[in-house]
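Work through the exercises below with the sequence and the model side by side, and try each task before reading its solution.

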Amino acid sequence: MGRAGMVKPSSLVRPVAVTRVTGRYLAHQESLPKLPVPALKQTCERYLAALEPIVEEEELQHTRQLIEEFQQTGGVGERLQKSLERRAMKTENWLSDWWLKVAYLDYRMPVVVHSSPGVVLPRMEFNDRQGQMRFAAKLISGVLDFKTMIDNETLPVEYLGGQSLCMNQYYQVLSSCRIPGTKADSVKNYAQSRRPPTHITVVHNFQFFVLDVYNSDGTPLTVDQIYLQLEKIWNSSLQTNKEPIGILTSQDRNTWGKAYNTLIKDRTNKESVHAIQKSIVTVCLDAPMPRVSDELFRSRAAVQMLHGGGSRWNSGNRWFDKTVQFIIGEDGSCGLMYEHAPAEGPPIIKLIDHVVEFMKKSEIVRTPMVPLPMPKKLRFNITPEIKKDIEKAKQNLNIMVQDLDVRVVLFPHFGKNVPKSHKMSPDAYIQIGLQLAYYRMYKVCCATYESASLRIFRLGRTDTIRSASIHSANFVKTMDNPAIQNMEKVTLLEKAVKGHRTYTDMAIRGQAIDRHLLGLKLQAIEDLTSLPEIFMDTSYAKALHYNLSTSQVPAKTDCVMCFGPLVPDGYGVCYNPMEEHINFAVSAFNSCEDTNASRLAQALEAALVDMRDLLEQTPKAKL
């Protein structure tokens, strides 16, 4: 049944009420088209067009010559293109393995801040440990409910514009973990092992516990049972004088890879680490963070989701390599963080939407009479060497914590409703707003990354929507010029929005430029002795220096995802457009004097309102 590279997800421990359609997932996956390799000439032309708003004319002239040589008949570009097309014939997806390695597993920066996104949920009603644990118990129950759909392959297939999407990422997020290495990492998915895990890990006061969430007959524990087990965990981990072993996972990957090898030399440590890696998810029961005003609460929660707030607060209450960690604070803060290698945001958001809906349902309280065994506390033997590694990790993490500035803003003026009323794509409208905000602050256009999903293809991940275009540049440069008529500004705005929409459609269909250029470059590394000049050109470096790294992650739940900037002098911007408001998260590094998260957030708010006013105050030309 299982083909290479297509592992069939294993079923649950017991036969479940829903009839399992064996191979439904496989049959669906095999019906999906393969990711195409775009035409070389098309990518070269579109690359030059993408450079126009962000590169000086002189540099651009030089790049034009390089591109000319690169795509000559019989030249190096054509050779690489043919190699890439052969690779596409032979593999399920010519990009996915490469991308996993280049974007994640070979990347040596810490996953904290630099790679793993956080998700902030609205503040919850509880503010004591009883409320926290009651909430956690329901949440865990909701996760298990979602897991049943994965195990039975009854997850509804998602569609985009009538085309079914690849569902593979859903089968990668539970019971999986990143494993550090000294040169490159790997990801292990235990859901596909012979005996899939039946436990979660719970962390409280830096101490890890194994909590079995299924009874011996394979039925999941009830909310009440889970609550009682969490109570036991809480009561047996009241002291925080333990070494925060989890903080080791926040180090840069080479340092952590070395420390990991030291750590698992000891058998007890190895078994404990393995139990965390194998668990379905990790649930972090956090201590209260320093109090802030209601207005700043979501920004503070974002920091808690991204890194835990530092070694004095909750950063030791994590295992950052774990694919999914739900975080529940005693003060009503709640959300999750996820390790990015196995999946993009949408499957994670789908999990959150499902869990939040599940938690709204009234509980059926059936407290079984059977007493449950005490959850197992994971032991670690801390040698002086490991203690030294922990101290180093604390110092480095606290530097990162000091450096990251995050602002979560609820934009109250309007949501998707306004752009839609002007027949504009809300995503394109927001992206042009970002271009305007950035231009007003810096008087230049910058390379902008927005992720586009390639899930209409088998094993599809993402490509880049380049939001800075000639059209967006024309609009942002004229918007504040009083000498230009409003009618003309509206025309330029409409063109910019339409241009963004066109690029998005092209990217989703596998015809964008970034992954194709990356493929040609990686193919060159495999095939050639030297790298073609277009990849050593300053224009290429500029094109990949994304001062704006952005993502739209829409959810039914009133939440927002957040992540750190991609470059030292850049911003990370994530947003969830709701019907009548928009949730934004903006991040920047304090160590960069030129960037400021609050300023960009304010500039973005002003830009979106100004664009609306422009559209509403300009009479439509009578036809």
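The exercises that follow go from the sheet to one listed residue, and then to cysteines and backbone angles.

The model is predicted, so local features need pLDDT of at least 70 and side-chain atom pairs count only at pLDDT 80 or more, while totals for chains, interfaces and linings use all residues. Residues are numbered from 1 along each chain as its sequence is written, and side-chain values use heavy atoms, with hydrogens and water left out.

**Exercise 1.** Find the order of the strands in the open sheet, and say which strands are at its edges.

Solution. Strands are DSSP runs of E with at least two residues, helices are runs of H or I with at least four, and both are numbered from the N terminus; two strands pair if DSSP finds at least two bridges between them. Following the pairs gives 8 strands in the order β11-β7-β6-β8-β9-β10-β1-β16, with mixed pairing. The edge strands, each pairing on one side only, are β11 (376–377) and β16 (560–562). At the β16 end, strand β1 (residues 118–120) runs antiparallel to β16 and is joined to it by 3 bridges, and V119 stands opposite M561.

**Exercise 2.** Describe the surroundings of H340, which UniProt lists under "active site" in an unreviewed entry.

Solution. Such an annotation may be inferred rather than shown by experiment. Begin with the position: H340 is in the loop between β10 and α11 (345–360). Next comes accessibility: H340 has a relative accessible area of 15% and is therefore buried (buried means under 20%, exposed over 50% and partly exposed in between, with a 1.4 Å probe and protein chains only). Then list the contacts, meaning heavy atoms within 4.5 Å: leaving aside residues up to four places away in sequence, H340 touches Y104, S115, S116, P117 and R461.

**Exercise 3.** How many disulfides does a search of the whole structure find?

Solution. With a disulfide taken as a pair of cysteine sulfur atoms within 2.5 Å, the search finds 0. C177 is an example, since the nearest cysteine sulfur, that of C284, is 12 Å away. C177 counts as buried because its relative accessibility is 0%.

**Exercise 4.** What is the sign of phi in V113 and in E153?

Solution. Most residues other than glycine have a negative phi. For V113, phi is near 70 degrees, a positive value, and V113 lies in the loop between α5 (96–105) and β1. For E153, phi is near 55 degrees, again positive, and E153 lies in the loop between α6 and β2 (159–160).
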